[in-house]
Amino acid sequence: MRRSRTVWAALTVVATALGVTALPADAAPVAAAQSTACPTGWGSLAKTRTAGTTTPVTNVRTGRHACYDRMVIDIPGAGRSHLGYSVRYVTHLYQDGSGRLIPVGGGAVLEVRVTAPSYDPGTGAPTYPARAGRPLPGVNLTGYRTFRDTRFAGSFEGDTQIGLGVRTRLPFRVLRVDGHVVVDVAHNWTGAR
C-alpha cells in the first residue's frame, strides 16, 4: 500500500510538471465536446489581399466539412505570395466590365474575386470552362448546409469573378496555399455543430 501511494505521488508530480490535469471519468465527454467546437471569430466583413498573377484559374470545386462549407479556386503553379483576392458580401452581383446583373440564389451573396485570369493571357483561350451567368461547371451543392448557389460572373482584366450564394450572412475566412485560394463559410455564428 505504501509503495502504491509513493507511485501515485510521483505520477502526480510528473503530471503537474507537464501541465496535465486529472479529470474524473464522467468529465471526459465534456472535454471532448469542447475540443470539437467549431471555430468562431471569422466575421463577415470584406477580406482582401493585394497581389496578382497571370497564372490562370483552371478549376473551382467545393466541399462539405463539419463546421463550414468550402470553395477552392485552383490556380496551379501560382505561389502563395502571388495570390490576391477580394471576398465580400454584396446586395447584388454585377459582372465586371458590362455591369450586367447576375442573379445568385440564397439569402446572401458573397462576391469572390481572385486576381488571376480564367484564360490564357498569351492566347485568350479559356482555361476554365465556365460561362458567364451560369452555375459553376461540375459543382453540385446538394446536401450543403451553407452553400446554395454558384455563378460564374466572368474574367475581366486579369480578375476572375464568382458569385457564391449562401443561406444567410455568415462568418467566412479566406486562405491561400500554393496554387489555391480557399473560401470557408461557417454553418452558423455560434460555433455549434
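In this predicted model, the count of aromatic pairs comes to four. One of them joins Tyr144 and Phe147, whose rings are stacked, with 5.8 Å centre to centre and 10° between the planes. The pair is described by these two quantities because a pair of aromatic rings is characterised by the distance of the centres and the angle of the planes. Tyr144 counts as buried because its relative accessibility is 11%, under the 20% limit. Phe147 is likewise buried, with a relative accessible area of 1%.

Phe147 also appears among the contacts of Met71. With neighbours within four places in sequence set aside, Met71 is in contact with Val60, Arg61, Thr62, Leu136, Phe147, Thr150, Ile162, Leu164, Val181, Val182 and Val183. Met71 belongs to the largest nonpolar core, which has 32 residues; together with Ile73 and Val185, Met71 is among those with the most contacts inside this core. Two or more residues each are contributed by strands S3 (68-74), S4 (85-90), S7 (108-114), S8, S9, S10 (172-177) and S11 (180-186). S7 gives the most, with four residues. A second, separate core has six residues, including Val90, Leu93, Ile102 and Val109.

Two of the strands that contribute to the largest core, S8 and S9, can be followed as a pair. Strand S8 (residues 147-156) and strand S9 (residues 159-166) run antiparallel and are joined by eight bridges. Within this pairing, Arg151 has Gly163 in S9 as its bridge partner. The two strands form a hairpin with two residues between them, and Glu157 in the turn has a positive phi of about 50°.

A further site is centred on Gln95, in the loop between strand S5 (93-94) and strand S6 (101-102). Is Gln95 buried or exposed? Gln95 is buried, because its relative accessible area is 16%, under the 20% limit. The side chain of Gln95 makes a polar contact with the side chain of Ser98 at 2.7 Å. Apart from neighbours within four places in sequence, Gln95 is in contact with Arg100, Ile102, Ala132, Ala153 and Gln161. Of these contacts, Ile102 is a member of the second core.

Confidence remains to be considered. The mean pLDDT of the protein is 85, and 81% of its residues reach 70 or more. Over residues 1-34, however, the pLDDT is below 50, and this stretch has two contacts in the model beyond near neighbours in sequence.

Conventions. Residues numbered from 1 in each chain as written. Predicted model: local features only at pLDDT ≥ 70, side-chain atom pairs only at ≥ 80, totals over all residues. Heavy atoms only, no water. Buried < 20%, exposed > 50% of the residue type's maximum accessible area, 1.4 Å probe, protein only. Polar contact = N/O pair within 3.5 Å; in protein donor to acceptor, adjacent residues only side chain to side chain. Contact = heavy atoms within 4.5 Å. Pairing = 2+ DSSP bridges. pLDDT = per-residue confidence, 0-100. Core = buried A, V, L, I, M, F, W, Y, C linked by side-chain atoms within 4.5 Å. Phe/Tyr/Trp six-rings, centres within 6.5 Å; stacked < 30°, edge-to-face > 60°.
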